[in-house]
Amino acid sequence: MSDSLVVCEVDPELKEKLRKFRFRKETDNAAIVMKVDKDRQMVVLEEEFQVFEIRTTDDLTEAWLKEKLSFFR
C-alpha cells in the first residue's frame, strides 16, 4: 500500500483565502463554498458569502430553505 493517496489538490489561492477566513477578526456570519474541479482534480472556490441573514426558527419555512439552499442541487 502507498503511504499517502492524493485525490485532489487545493488551489493555492483558495488555501490563502481559507487561512484569512479562519483567522478573520469580523464577528458577522460568513461562509466559503468549495467545489471539486474534476478536469483539474482540484478543490476550488465556488462562492463566498460575507454576511447572510439570521432568522428565528419560526421564520425557517420550507420555501425559504429551498430558495437559500438551492446551490446544493
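## Overall architecture

The secondary structure of this protein consists of two helices and three strands, and the coordinates described here belong to a predicted model. When the elements are read along the sequence, they follow the pattern β-α-β-β-α, which gives a useful order in which to trace the chain by eye.

The protein has 73 residues, and 12% of them count as buried. The surface that the protein exposes comes to about 6,700 Å², of which carbon and sulfur atoms supply 53%. If one takes the contacts between residues at least 6 apart in sequence, 31% of these contacts join residues at least 24 apart.

## The sheet

The three strands form an open sheet in the order 1-3-2, and the pairing within this sheet is mixed. Strand 1 and strand 2 are the edge strands, each of them pairing on one side only. The mixed character can be followed in the individual pairs: strand 1, residues 9–10, pairs with strand 3, residues 42–49, in the parallel sense over two bridges, whereas strand 2, residues 31–37, runs antiparallel to strand 3 and is joined to it by seven bridges.

Which residues of strand 3 stand opposite particular residues of its neighbours? Val-43 in strand 3 stands opposite Val-10, and Val-43 also stands opposite Val-36. Further along the antiparallel pair, the bridge partner of Ile-32 is Glu-48 in strand 3. As a general point for reading such a picture, the side chains in a regular strand alternate between the two faces of the sheet.

## The hairpin turn

Strand 2 and strand 3 form a hairpin, with four residues lying between the two strands. Gln-41 is placed in the loop between strand 2 and strand 3, and this residue has a positive phi of about 50° although it is not a glycine.

## Helix 1 and its place against the sheet

Helix 1, which spans residues 12–22, lies across strand 1, strand 2 and strand 3, and runs at about 160° to strand 2. Glu-13 is one of the residues in helix 1. Is Glu-13 buried or exposed? With a relative accessibility of 64%, Glu-13 counts as exposed, because the cut-off for that class is over 50%. Glu-13 and Leu-45 are separated by 32 residues in sequence, while their C-alpha atoms are 8.7 Å apart in space.

## The loop between helix 1 and strand 2

Two residues in the loop that links helix 1 to strand 2 can be examined in some detail, namely Arg-24 and Asp-28. Arg-24 is partly exposed, with a relative accessible area of 24%, and once its neighbours within four places in sequence are left aside, Arg-24 is in contact with Asn-29 and Ala-30.

Asp-28 has a relative accessible area of 29% and is therefore partly exposed, since this class lies between the limits of 20% and 50%. Which residues does Asp-28 contact when its neighbours within four places in sequence are left aside? The contacts of Asp-28 are then with Gln-50 and Val-51. The second of these pairs can also be described by distance, for Asp-28 and Val-51 are 23 residues apart in sequence and 6.4 Å apart in space, taken from C-alpha to C-alpha.

## A nonpolar surface patch

Three leucines, Leu-60, Leu-65 and Leu-69, form a nonpolar patch on the surface, and together they have about 230 Å² of accessible area. Leu-60 is found in the loop between strand 3 and helix 2, the helix that covers residues 62–68. The relative accessible area of Leu-60 is 39%, so that this residue counts as partly exposed; a residue needs over 30% to belong to a patch.

Note on methods: Residues numbered from 1 in each chain as written. Predicted model: local features only at pLDDT ≥ 70, side-chain atom pairs only at ≥ 80, totals over all residues. Heavy atoms only, no water. Buried < 20%, exposed > 50% of the residue type's maximum accessible area, 1.4 Å probe, protein only. Contact = heavy atoms within 4.5 Å. Areas by Shrake-Rupley, 256 points an atom, 1.4 Å probe, with all protein chains shown as cover. Pairing = 2+ DSSP bridges. Patch = residues over 30% accessible without salt bridge, like charges linked within 9 Å, V, L, I, M, F, W, Y side chains within 5 Å. Salt bridge = Lys/Arg side-chain N within 4 Å of Asp/Glu carboxyl O. Axes fitted to C-alpha atoms, helices over the stretch in contact; angles between N-to-C directions.
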